[in-house]
Amino acid sequence: RRFYCGSTFMGWKNKKLASINIRTAELDAGDLYYGAGGGITVQSNCNEEYDEMLFKVNSFIDIVKKT
């Protein structure tokens, strides 16, 4: 899974920041990796979850194409 689904913690002086790396892009030696997913619950609809994941990925791809 690479960097996706991990977590990041940064501390500097009196400040501390942490996050979960969902929808995170990673650039490694010229290759771009992007992970997107969602949370599945007992009330989830598989097709809707899949469509939401595609929407997340496509929105990122659209931004990259414009740059």
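A residue counts as buried under 20% relative accessible area, as exposed over 50%, and as partly exposed in between. Keep that in mind for this predicted model, where Val-64 comes out at 37% relative accessibility and is therefore partly exposed. Here's a quick tour of the hairpin, the helix and a greasy bit of surface.

**The β1-β2 hairpin**
- Strand β1 covers residues 7-12, and it pairs with β2 in the antiparallel sense over six bridges.
- One of the pairings puts Met-10 opposite Leu-17, its bridge partner in β2.
- The two strands make a hairpin with two residues between them.
- Lys-13 sits in that turn and has a positive phi of about 55°.
- Strand β2 runs over residues 15-20 and is hardly covered, with zero buried residues among its six.

**Glu-49 in helix α1**
- Helix α1 spans residues 46-66, and Glu-49 is part of that helix.
- Glu-49 is buried, yet no salt bridge goes with it.
- Look for the nearest side chain of opposite charge and you land on Lys-56, 6.3 Å away; a salt bridge would need the side-chain nitrogen within 4 Å of a carboxyl oxygen.
- Leaving aside residues up to four places away in sequence, Glu-49 touches Gly-39, Ile-40 and Ser-44.

**The nonpolar patch**
- Leu-27, Leu-32 and Val-64 together make a nonpolar surface patch of about 290 Å².
- Val-64 is the patch member to pick up again here: this residue lies in helix α1.
- Patch residues need over 30% relative accessible area, so Val-64, at 37%, can be partly exposed and still belong to the patch.

Technical notes:
Residues are numbered from 1 along each chain as its sequence is written. This is a predicted model: local features need pLDDT of at least 70, side-chain atom pairs count only at pLDDT 80 or more; totals for chains, interfaces and linings use all residues. Side-chain values use heavy atoms; hydrogens and water are left out. Patches are made of residues with over 30% relative accessible area and no salt bridge: like charges are joined within 9 Å, nonpolar side chains (Val, Leu, Ile, Met, Phe, Trp, Tyr) within 5 Å. Accessible areas come from the Shrake-Rupley method with a 1.4 Å probe; for residues, only the protein chains shown count as cover. Helices (H or I, at least four residues) and strands (E, at least two) are DSSP runs, numbered from the N terminus. Buried means under 20% relative accessible area, exposed over 50%, partly exposed in between (1.4 Å probe, protein chains only). Two strands pair if DSSP finds at least two bridges between them. Lys and Arg count as positive and Asp and Glu as negative; His and the chain ends are not counted. Contact means heavy atoms within 4.5 Å.
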